[in-house]
Amino acid sequence: MASSAGGYRVAPARLEAAAAELEQRAGVLKTAQTALAGENVPATAFGQVSASSAASATYTKTIKDVAGKLDGQITKATVIHQGLTAAGGGYRRADVQVAASYRSLMPENPLPKAGNPSGVGGAADTGSWATAIAENRTKVTDALTSERERLANLLAHGGKADDIASARTRIALYEDILANDRQILRFDPSGNGRIVELVGRIEPGTRNVGLFVPGVNTSFDNFQSYADLGKSLVAADATGRTAMVVWADGVFPQNVVTEGPAAHYAQTMAPDLKAFGDELRGQIDSHAGPGVVVTAVGHSYGGATVGLAEQLGLKADQVLHVESAGMGHGIWSPSDLPASQAGVQRYSMTAPFDPIVVAQGNAGLIEWLGAGHGADPDRFPGVVELETGRDANGDLQWGFDSHSGVLKPGSDSWNNIYGVITGGAVTHEGFTGGSLREMVIEGVGRGL
């Protein structure tokens, strides 16, 4: 809190920094208290004289008294931490609300200015998305306050290491969103979290928009990695014509073995993804105009979700399946898709020996039981198969690590993703998942 003419100017960041320092101190005190609680010195440690028992009792009482004082200090630190956190969050929330009030007074479309004769602003500046971004900033501020309180309680009461790590990851995500004014279009911190983020801008110069849908294990614990992918793709286009939307607005399966084969997660998310696609296309039409190419990218289980959204008429010009589980439950041929999808150009890439091949193209009983994700995208009619090539170190991408490794900048697969989204060069020859399967089938046919 700093003085200024006529009163004081509050700096929420300083309050939050002080709260974080108290949180660390409380953790140190808790560690010391735990160590003291486990201290047990027998009377024999003080020798075999008559005063040994009395000395042992005095030592035990001293340890107990110190542990009690530490407990009191931990409680005080926790209370102060919670107060500082709440105060910082309150000030940030007030700032957001005031900013939103002023923003609501601005015209829907700002006056024309040099370099922008149409007078159409970016997606983050006007319209319904501007309102959503402002409202979600308030939600993130509240979630940050709540998560800091949760972490303090976990540290004070010996919470599980996984819960503490998850809380810290969420706090880091929320802090980064607020510090960098990230454009959050959907936000719900309950459960594993639901979120949609726009990276880049949708404005008159925009020509490419990617819609990325992740897969199994998606949660707030790993959302940042997908947001970073979006940032890398946007940053790579020096012309500023590319924007990305990272869509994680659903309940994703959290176990690849027990939940990954189930179709109902994708079936539940697909209508929401299709509806968001309509909203995205409307935003493009009103802020960027014609000629924008939308590419839906489904990674892993996200491929099945994108496929089922296509079955509902997802408004995408291109679809890219990346290490995809399948075309979607019950989708086995182009005839299983509506007429609206007839002009969609589709691509697929699967690294050799990625375990996802076990899920691709399963039919029969597993489909009848409500599991499975339809046709293998690499073999689907009309799909252009792309190679995954080598990673940033020049090593061939294959096996378990390739499943997420294909998303890393510097790899041939990342270059192909960027090429599809931006209409650039792609490579579709070489050692691919499809070519591997063909080699195996040919070998079996020859009796090898």
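Here a colleague and a modeller talk through a predicted protein model.

Colleague: Let's start wide. How many helices and strands does the protein have?

Modeller: There are 11 helices and 10 strands. The protein has 448 residues, and buried ones make up 47% of them.

Colleague: And which residues touch the most other members of the largest nonpolar core?

Modeller: A general idea to begin with: in soluble globular proteins, nonpolar side chains tend to be buried together. In this model the largest nonpolar core holds 84 residues, and Trp-247, Phe-276 and Leu-280 touch the most other members. Domain 2 (118-183) and domain 3 (190-431) both supply residues, so this core lies between them.

Colleague: What does Phe-276 touch, leaving out residues up to four places away in sequence?

Modeller: Look for Trp-129, Leu-185, Arg-186, Val-196, Leu-211, Val-245 and Trp-247 around Phe-276.

Colleague: Now helix pairs. At what angle do α3 and α4 pack?

Modeller: Helix α3 (residues 127-156) and helix α4 (residues 161-179) pack at about 150°, and their axes are 9 Å apart. Angles over 145 degrees count as roughly antiparallel, and α3 and α4 are therefore roughly antiparallel to each other. The crossing of α3 past α4 is left-handed.

Colleague: Which residues of α3 and α4 meet?

Modeller: It helps to know that an α-helix has 3.6 residues a turn, so residues three or four places apart point the same way. On the α3 side, the residues that meet α4 include Val-140, Leu-144, Arg-148, Leu-151 and Leu-155. Among those on the α4 side are Ile-164, Ala-167, Ile-171, Tyr-174 and Leu-178.

Colleague: Thr-131 is in α3 too. How much of its area is accessible?

Modeller: Thr-131 has a relative accessible area of 43%, which means it is partly exposed. Its C-alpha atom and that of Leu-185 are separated by 9.1 Å, with the two positions 54 residues apart along the chain counted as their spacing.

Colleague: Is helix α10 mostly buried or exposed?

Modeller: In α10 (residues 412-422), 9 of the 11 residues are buried, so the helix is largely enclosed by the rest of the structure. The buried ones include Trp-414, Ile-417, Tyr-418 and Ile-421. Those four meet Leu-229, Ser-232, Leu-233 and Ala-236 in α5. The axes of α5 (residues 223-236) and α10 come within 11 Å and cross at roughly 60°, and this crossing is right-handed.

Colleague: What follows α10?

Modeller: Gly-423 does, and its phi is positive, near 75°.

Colleague: Which residues other than glycine have a positive phi?

Modeller: Two to look at are Ser-300, with phi near 60°, and Glu-323, with phi of about 50°. Ser-300 sits in the loop between β7 (293-299) and α7, while Glu-323 sits in the loop between β8 (318-322) and β9 (345-349). Buried means under 20% relative accessible area. Ser-300, at 8%, therefore counts as buried, and so does Glu-323, at 0%.

Colleague: Last one: how far apart are Gly-302 and Pro-214 in sequence and in space?

Modeller: They are 88 residues apart in sequence, but 4.8 Å apart in space, C-alpha to C-alpha. Gly-302 lies in helix α7 (residues 301-311) and is buried, at 0% relative accessibility. Leaving out residues up to four places away in sequence, Gly-302 touches Val-213, Pro-214 and Gly-215. Across the protein, residues 24 or more positions apart account for 74% of the contacts with a separation of 6 or more.

Methods
Residues numbered from 1 in each chain as written. Predicted model: local features only at pLDDT ≥ 70, side-chain atom pairs only at ≥ 80, totals over all residues. Heavy atoms only, no water. Core = buried A, V, L, I, M, F, W, Y, C linked by side-chain atoms within 4.5 Å. Buried < 20%, exposed > 50% of the residue type's maximum accessible area, 1.4 Å probe, protein only. Domains from an automatic or database assignment. Contact = heavy atoms within 4.5 Å. Axes fitted to C-alpha atoms, helices over the stretch in contact; angles between N-to-C directions. Helix = DSSP H or I, 4+ residues; strand = E, 2+ residues; numbered from the N terminus. Parallel < 35°, antiparallel > 145°, perpendicular 65-115°, else oblique. Left-handed = near helix turned anticlockwise from the far one by under 90°.
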